[in-house]
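I opened my notebook to go through this one step by step. Here is what I looked up, in the order I looked.

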Amino acid sequence: MSKSKKTEPATVGHNSEREQFEEQQFLNAYRQIKEHDSDMAGIKGEMSGVYDRIKNLGFTKADVKWAKELEDKDAGDIIATMQRRIRIARMFGHGLARQFDMFDEDRTPIEERAYEEGLAAGKLRKDATNPYGADSKAGQEWQRGLNDGHAFANKDLSHVLNEVDPEFPDEEPAAVAAE
């Protein structure tokens with residue numbers, strides 16, 4: 001009878017199957033991370049282009065961040081944040097602190113507020129669930145706002161970019177063609 005040879009476990013550096021598996025997993029993960037990095041760079045480039053486009057209209061990245069906060073946070077949280085900021089402005093003697101009553105009770109009539117909420121929901125193409133009930137005056141105003149918001153969102157305003165600046169009448173197509 002021959003003695004069977006015992007297989008000794010491979011030690012580090014011997015490239016055991018376990019090590020091979022780990023290397024394989026690491027290299028696959030590395031490849032995936034590089035692909036995601038590349039994808040993110042492309043997306044960040046696209047986002048930069050969007051930011052540049054709205055920058056030309058007077059908006060900033062901070063404005064986009066603010067819009068996200070408004071969309072994600074409860075009005076009470078936003079008001080509390082603004083009240084803290086006004087308090088800090090008061091500490092620094094900033095002119096904003098003189099606007100302390102800016103966040104007092106909302107005196108907007110319910111129908112007007114409902115219209116504004118519906119308008120925002122329509123512009124942002126949010127869920128069309130009327131929070132006021134269709135049979136109430138506020139509910140009807142919310143629906144009217146939603147409809148106006150949808151009309152705004154659907155309106156083709158691309159012609160604005162193609163219009164000639166009235167301050168430069170010599171650049172109008174008719175003037176150029178006549179030359």
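Before starting on helix ends, I noted my cut-off: a polar contact is a pair of N or O atoms within 3.5 Å, and within protein one must be able to donate a hydrogen and the other to accept it. I also kept in mind that this is a predicted model.

**Entry: a helix end.** I looked at the start of H2 and found Thr60 capping its N-terminal end. A side-chain oxygen of Thr60 lies 3.3 Å from the backbone nitrogen of Ala62.

**Entry: helix length.** Does H2 come out at the expected span or not, and what are the numbers? Helix H2 covers residues 61-72, so at 1.5 Å a residue its 12 residues should span 16 Å. I found its end C-alpha atoms 17 Å apart, which agrees.

**Entry: the whole chain.** I counted 7 helices and 0 strands in the protein chain. Along the sequence the pattern reads α-α-α-α-α-α-α.

**Entry: burial and surface.** Of the 179 residues in the protein chain, 12% are buried. The chain exposes about 15,300 Å², with carbon and sulfur atoms supplying 55% of that area.

**Entry: the core.** Which residues make up the largest nonpolar core? I found 5 residues in all: Ala114, Ala121, Ala138, Trp142 and Leu146. Helix H4 (110-123) and helix H5 (137-154) each give two or more residues to this core, and H5 provides the largest share, with 3 residues.

**Entry: Trp142.** Leaving out residues up to four places away in sequence, I listed what Trp142 touches. Among them are Ala114, Glu117, Gly118 and Ala121, as well as Asp127, Pro131 and Tyr132.

Definitions and conventions. Residues are numbered from 1 along each chain as its sequence is written. This is a predicted model: local features need pLDDT of at least 70, side-chain atom pairs count only at pLDDT 80 or more; totals for chains, interfaces and linings use all residues. Side-chain values use heavy atoms; hydrogens and water are left out. Helices (H or I, at least four residues) and strands (E, at least two) are DSSP runs, numbered from the N terminus. Buried means under 20% relative accessible area, exposed over 50%, partly exposed in between (1.4 Å probe, protein chains only). Accessible areas come from the Shrake-Rupley method with a 1.4 Å probe; for residues, only the protein chains shown count as cover. A nonpolar core is a set of buried Ala, Val, Leu, Ile, Met, Phe, Trp, Tyr and Cys residues joined through side-chain atoms within 4.5 Å. Contact means heavy atoms within 4.5 Å. The expected span of a helix is 1.5 Å times one less than its number of residues.
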